[in-house]
Every structure is written in structure tokens, then in C-alpha cells.
Amino acid sequence: MKKILILAVAMVMLLSVSASALTVAFTQIGQESDWRTANTDNIKAAIEAEGWDYVYDDAQQKQENQVKALRNFISQNVDYILFTGVVSTGWDEVLKEVNESEIPLILVDRMPDNMADIQYAAAFGGDFVEEGRRMALWTANYVKKLGRENEELNVVILEGTTGADAASGRQEGITEILADYPNLKVIASQTGNFTRAEGQTVMESFLKAHDKIDVLLAHNDDMALGAIESIKAAGLVPGKDIIIVGCDAPKTAFDAILAGEMNATIECTPLYGPFVVDAIKRLEAGEDLGRNLMHPEESCFDAEGGIVYSLDGRLSEKAADKIGERVY
Ligand code: GZL
């Protein structure tokens with residue numbers, strides 16, 4: 001009799017635990033960059049550490065795959081949907097379906113257009129316009145430090161994925177700041193789609209088309225690292241003949257800075273896992289997290305440190321001092 005009782009209690013406990021195990025689904029853009037890989041790994045680890053079930057879809061950079069994934073999540077009646085869109089437009093219909101399913105939607109990383117018309121439980125991502133401002137302001141201050149602020153310098157830009165707010169935002173911030181520095185002249189700007197390979201190819205075309213390039217601004221470090229290969233192949237010295245500034249701040253960018261091949265990177269953390277888990281726990285407890293798009297505190301890293309990179313006067317940090325704590 002006693003054995004049956006113990007078994008029954010164990011079954012009830014097991015059922016209660018499994019019943020409380022949430023199912024969290026994430027439609028991820030793809031695997032285009034170190035940032036994206038770190039973002040994928042970090043979210044997966046954080047969710048699985050809670051003992052929750054995890055449904056993951058890699059869209060391979062295709063919007064139609066993300067739409068399919070969102071519809072699958074609805075049909076599976078998951079408990080939460082995490083969403084970052086490869087581009088900003090074209091989500092109205094499917095996100096309306098998500099809202100009608102009443103599955104809580106958490107927006108991470110890249111934001112969809114028309115957020116005002118979308119019901120979401122929480123939103124967390126980079127301040128892309130500010131990141132662009134920081135890329136350009138660091139560059140202007142570095143040029144001044146070199147005593148070249150009165151020299152006409154030719155700037156080329158490797159843009160991120162066309163239509164993504166991470167790209168349009170950074171471009172907007174860069175343009176805003178460069179307007180104050182007429183000696184920094186943008187002579188070419190083209191998408192490298194956030195990938196190393198395309199960054200290398202586009203930079204090669206820039207070098208063939210222009211005799212003098214002094215500055216490269218790359219919307220992410222993967223494209224900057226690809227461009228460095230083309231710069232070397234052209235017989236130029238990256239980081240010296242061409243000042244190179246990227247964004248994201250993965251370890252690979254720190255390595256390039258320490259090697260003197262890259263000059264600075266603006267941080268944009270991919271580590272959204274803890275935020276997502278905290279948000280879900282608070283939502284489960286009945287909390288309303290509001291609709292503010294939350295941005296993380298982020299820095300700028302370069303070889304020397306101490307260069308102003310933000311309009312509120314923040315100083316860059318020395319990559320050599322910080323590389324030890326980098327987890328991506
Ligand atoms: C930024 C993210 C961008 C990164 C790229 O939050 O959307 O996408 O900057 C990544 O490296 O591909």
C-alpha cells in the first residue's frame with residue numbers, strides 16, 4: 001500500500017513539474033555572423049538552463065522561412081514566441097496572427113516596422129542609430145588625435161543587410177555625425193549583408209574603383225574582417241593606410257585590434273538570454289513589462305582607450321584590458 005502511495009505522489013510531482021515546463025520558441029534569422037552565433041547560443045543556453053522546452057528555427061536569412069516558423073509556433077501552441085526579423089517590413093499579417101493566437105510575443109534584436117500596431121510583451125535590442133553615431137564620432141576623434149582633422153579623407157561604408165533596422169539605423173547615425181565633419185567624405189557605401197565573405201568582395205571592388213581610401217566604416221565586424229583580407233591583398237596596411245571601425249565587438253574584432261589591423265569596434269551585445277528568461281519569469285508572475293524598447297549599456301573598444309566615442313562624452317576602453325572578459 002505504502003509503495004503505491006509513494007508512486008502516486010511521485011507521479012503527481014512529475015506531472016506538476018512537466019506541466020510547469022514552458023515551451024519557448026525562437027525564429028532566428030540565420031548564422032551570418034559571429035554576433036548571430038553568439039546570440040543563438042546565449043538564448044538557447046539560458047532557456048534550457050531553466051528546464052523549459054525550446055523550439056528553434058534557423059531561417060537561413062529568408063523572410064518566408066520566418067513567416068512559416070511563426071505559423072508553426074502558433075499551430076504548436078507554444079507558450080512564448082521570440083522574434084527578430086531579417087528585415088523590418090512584411091511582418092504585419094503574420095504578427096497579427098501571432099497576436100490573435102494570444103501567445104505572448106517577445107521582440108529581440110531587430111525590430112519590425114509598425115511596432116505601435118503590434119502587441120508584444122517585451123522588447124530588447126541594440127540602439128542602432130546610437131551605434132552608428134558612435135562609429136562616426138570615434139572616427140572623427142581618432143582622426144583629430146592623428147592631427148589629420150583638416151585633411152580631406154575618403155570614407156567607404158560596408159552596410160549591413162538591406163532593409164534591416166540594424167543597417168538603416170547605423171547608417172542614419174553615421175550620416176548624422178559625419179555631417180559635422182566635412183573633411184570625412186563618403187565616396188562609396190554598399191551592403192555587405194553582414195557577412196565576412198561579402199565584406200571582402202565589396203571592399204575589393206571599392207579598392208579597384210578608388211585610388212585613395214582612408215577610412216572604412218563597417219556596420220559589423222564580420223564585414224570589417226573580410227575587408228581586411230582585401231586591403232592586405234591590395235598591398236595596403238589595414239589599421240594604418242585605412243582606418244577601420246566596426247560594430248558588435250566579438251572577440252575576433254578584439255584580436256584584430258590587438259594585431260593593429262583594426263582600429264575600433266562599437267559594442268552591440270548579442271547576450272539576450274538572461275533578459276529573455278527574466279522577462280518570461282516576470283510575465284509568468286503576472287507582471288506587465290510595458291512597451292519600452294530596452295537597450296543595454298554598451299561601450300567602445302580600441303587599441304589605446306580614452307577616445308571620446310559618444311555625444312555624452314564616454315571614453316573608449318583599451319581592448320587589451322577587456323579581451324579577457326569577452327564571452328563571445
Ligand atoms: C545587431 C544584429 C546584427 C549584428 C550583425 O543587433 O541585428 O545582425 O550587428 C548581425 O553582426 O548579423
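This is a short walk through one predicted model, from its two domains down to single residues and salt bridges.

Okay, hi everyone. Please keep in mind that what you see up there is a prediction.

Let's start with the big picture. The chain is split into two domains, and neither of them is one unbroken stretch of sequence: domain 1 takes residues 2-125 plus 270-284, while domain 2 takes 128-267 plus 300-323. If you take the C-alpha centre of each domain, the two centres are 33 Å apart.

So what happens where the domains meet? On the domain 1 side, eleven residues make contact, and they touch 15 residues of domain 2. Together the two domains bury about 950 Å² between them, and carbon and sulfur atoms supply 48% of that. And how many salt bridges run between domain 1 and domain 2? The count is zero.

Now, helices. I picked three, and I'd like you to look at which side of each one is buried. A quick reminder first: an α-helix has 3.6 residues a turn, so residues three or four places apart point the same way.

First up is α4, residues 92-101. Its buried residues are Val94, Leu95, Val98 and Asn99. Look down the helix axis and those residues sit within an arc of 145°, so they line one face of α4. What do they pack against? That would be α3 (63-75), β3 (80-83) and β4 (105-108). Flip to the face turned away from the buried side and you find Glu93, Lys96 and Glu100, which are exposed.

Two of those exposed residues are partners, by the way. Glutamate 100 and lysine 96 form a salt bridge, with their closest N and O atoms 2.8 Å apart. They are four residues apart in α4, which means about one helical turn separates them. And just past the end of α4, glutamate 102 has a positive phi of about 65°.

Next, α7, which covers residues 196-209. Here you can do a nice little check on paper. This helix has 14 residues, and at 1.5 Å a residue it should span 20 Å; the C-alpha atoms at its ends are 20 Å apart, so the two agree.

Which residues of α7 are buried? They are Gly199, Val202, Met203, Phe206 and Leu207. Down the axis they fall within an arc of 145°, so again we get one lined face of the helix. The cover over those residues includes three strands, β6 (153-159), β7 (184-191) and β8 (215-218), along with the helix α8 (221-233). Turned away from the buried side of α7 are the exposed residues Ala197, Thr201, Lys208 and Ala209.

Helix number three on my list is α9, residues 251-258. In α9 the buried residues are Ala253, Phe254, Ala256 and Ile257. They take up an arc of only 160° around the axis, so they lie on the same side of α9. Among the elements covering them are α8, β10 (264-267), β12 (300-302) and α11 (319-322). Notice that α8 has come up twice now: it helps cover the buried residues of α7 and also those of α9. Right after α9 comes glycine 260, with a positive phi of about 80°.

Let me zoom in on one residue, aspartate 248. You'll find it in strand β9, residues 243-248. Is aspartate 248 buried or exposed? Its relative accessible area is 3%, and under 20% counts as buried, so it is buried. Its contacts, leaving aside residues up to four places away in sequence, include Trp35, Arg170, Asn220, Thr265, Cys268 and Tyr328.

Last stop, salt bridges. The model has 24 of them by the rule used here. You've already met the pair in α4, where both glutamate 100 and lysine 96 are exposed. Another one joins arginine 282 to glutamate 287, with 3.0 Å between the closest N and O atoms. Both ends of that pair are partly exposed: arginine 282 at 31% relative accessibility, and glutamate 287 at 37%.

Then there's aspartate 312 with arginine 314, at 3.4 Å from N to O. Aspartate 312 is exposed, at 54% relative accessible area, whereas arginine 314 is partly exposed at 26%. There is also a network: Glu32, Arg36, Asp109 and Arg110 are linked through salt bridges that share partners.

That's my tour, thanks for listening!

Methods. Residues numbered from 1 in each chain as written. Predicted model: local features only at pLDDT ≥ 70, side-chain atom pairs only at ≥ 80, totals over all residues. Heavy atoms only, no water. Helix = DSSP H or I, 4+ residues; strand = E, 2+ residues; numbered from the N terminus. Expected span 1.5 Å × (residues − 1). Buried < 20%, exposed > 50% of the residue type's maximum accessible area, 1.4 Å probe, protein only. Arc of directions from axis to C-beta. Contact = heavy atoms within 4.5 Å. Domains from an automatic or database assignment. Buried area = accessible area lost by both parts, 1.4 Å probe. Salt bridge = Lys/Arg side-chain N within 4 Å of Asp/Glu carboxyl O.
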